[in-house]
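Please look at the sequence and the model together, and let us practise reading one feature at a time.

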Amino acid sequence: MPIAPTWISLGRLTADDDASPPMPLLRVMLQAGPRRIQAFGLVDSGSSASYLAPQFAESLGLPPTPRHRSSTTMAGPMRVGTVHADLSVRTPGGELSFPRVEFLVPRRRQKTPLVVLGHEPLFSEVEIRFQNWRHRFGIVRGARAW
């Protein structure tokens, strides 16, 4: 029997008069040891990895470990480091927890209010369905217990 998704409305980071299109956003909690931060996570079906802004890694007290190869993005190659943090995602259907997630951290300092949630770990644990014409996306939990 098919499992019904938990539907979440597409959102914006700023006021309603923002001209940017609505995005698939989730509230996330990141934790490293006793340090915790809350942020918005952008569900990115085109990204194989998850990315964390340098200011978030710094707030968590996580210095990025240099990576020998760069990450390829739409803008071209980008030098990154890696950090590991626990990730919790709040959805209307309950909380999803991912221990010790690897995040790529861009080496150049650019501020962004988002955590990019790519295929690892989110898409390996849940199915994401997009219904842009209805301005929503859905999460279907796998058979695994959270």
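What follows is a dialogue between a learner and a teacher about this structure.

Q: What kind of model is this, and how are its residues numbered?
A: This is a predicted model, in which local features need pLDDT of at least 70 and side-chain atom pairs count only at pLDDT 80 or more, while totals for chains, interfaces and linings use all residues. Residues are numbered from 1 along each chain as its sequence is written, and side-chain values use heavy atoms, with hydrogens and water left out.

Q: How do I read a sheet, and what is the order of the strands in the open sheet of three strands?
A: Strands of a sheet pair through backbone hydrogen bonds, either parallel or antiparallel. Strands (E, at least two residues) and helices (H or I, at least four residues) are DSSP runs numbered from the N terminus, and two strands pair if DSSP finds at least two bridges between them. Here the open sheet of three strands has the order 1-12-11, and its pairing is antiparallel. Strand 1 (6-9) and strand 11 (126-131) stand at the edges with a single partner strand each, so one side of each is left without a neighbour in the sheet. From one strand to the next the twist averages 25 degrees, where axes are lines fitted to C-alpha atoms (for helices over the stretch in contact) and angles run from 0 to 180 degrees between N-to-C directions.

Q: How many bridges join strand 11 to strand 12, and which residues stand opposite each other?
A: Strand 11 and strand 12 (residues 136-141) pair in the antiparallel sense over six bridges. Glutamate 127 stands opposite valine 140 in strand 12, and glutamine 131 has arginine 136 in strand 12 as its bridge partner. On the other side, four bridges join strand 1 to strand 12, again in the antiparallel sense, and serine 9 stands opposite arginine 136 there.

Q: Is strand 12 mostly covered or mostly exposed?
A: The general idea is to compare relative accessible areas, where buried means under 20%, exposed over 50% and partly exposed in between (1.4 Å probe, protein chains only). Strand 12 is mostly covered, since five of its six residues are buried.

Q: How many salt bridges are there, and which residues form a salt bridge?
A: A salt bridge is a side-chain nitrogen of Lys or Arg within 4 Å of a carboxyl oxygen of Asp or Glu, and by this rule the count comes to one. Arginine 129 forms a salt bridge with glutamate 127, and their closest N and O atoms are 2.9 Å apart. Both partners are partly exposed, arginine 129 with a relative accessible area of 30% and glutamate 127 at 40%.

Q: Which residue lies over the face of tryptophan 7?
A: A charge sits over a ring if NZ of Lys or CZ of Arg is within 6 Å of the ring centre and within 35 degrees of the ring normal. In this structure arginine 136 lies over the face of tryptophan 7, at 3.9 Å from the ring centre.

Q: Which residues that are not a glycine have a positive phi?
A: Among them is histidine 135, with a positive phi of about 55 degrees, and this residue lies in the loop between strand 11 and strand 12, a hairpin with four residues between the strands. Another case is arginine 100, with a positive phi of about 50 degrees; arginine 100 lies in strand 9 (residues 94-106) and is exposed, with a relative accessible area of 57%.

Q: Where is the cis peptide bond between glutamate and proline?
A: A cis peptide bond joins glutamate 120 and proline 121, with omega at about 10 degrees. Proline 121 is found in helix 2 (residues 119-125).

Q: What does valine 116 touch?
A: Contact means heavy atoms within 4.5 Å. Not counting residues up to four places away in sequence, valine 116 touches Leu42, Asp44, Ser47, Ser50 and Tyr51. Valine 116 lies in strand 10 (residues 114-117) and counts as buried at 19% relative accessibility. Although valine 116 and serine 47 are 69 residues apart in sequence, they are 8.2 Å apart in space, C-alpha to C-alpha.
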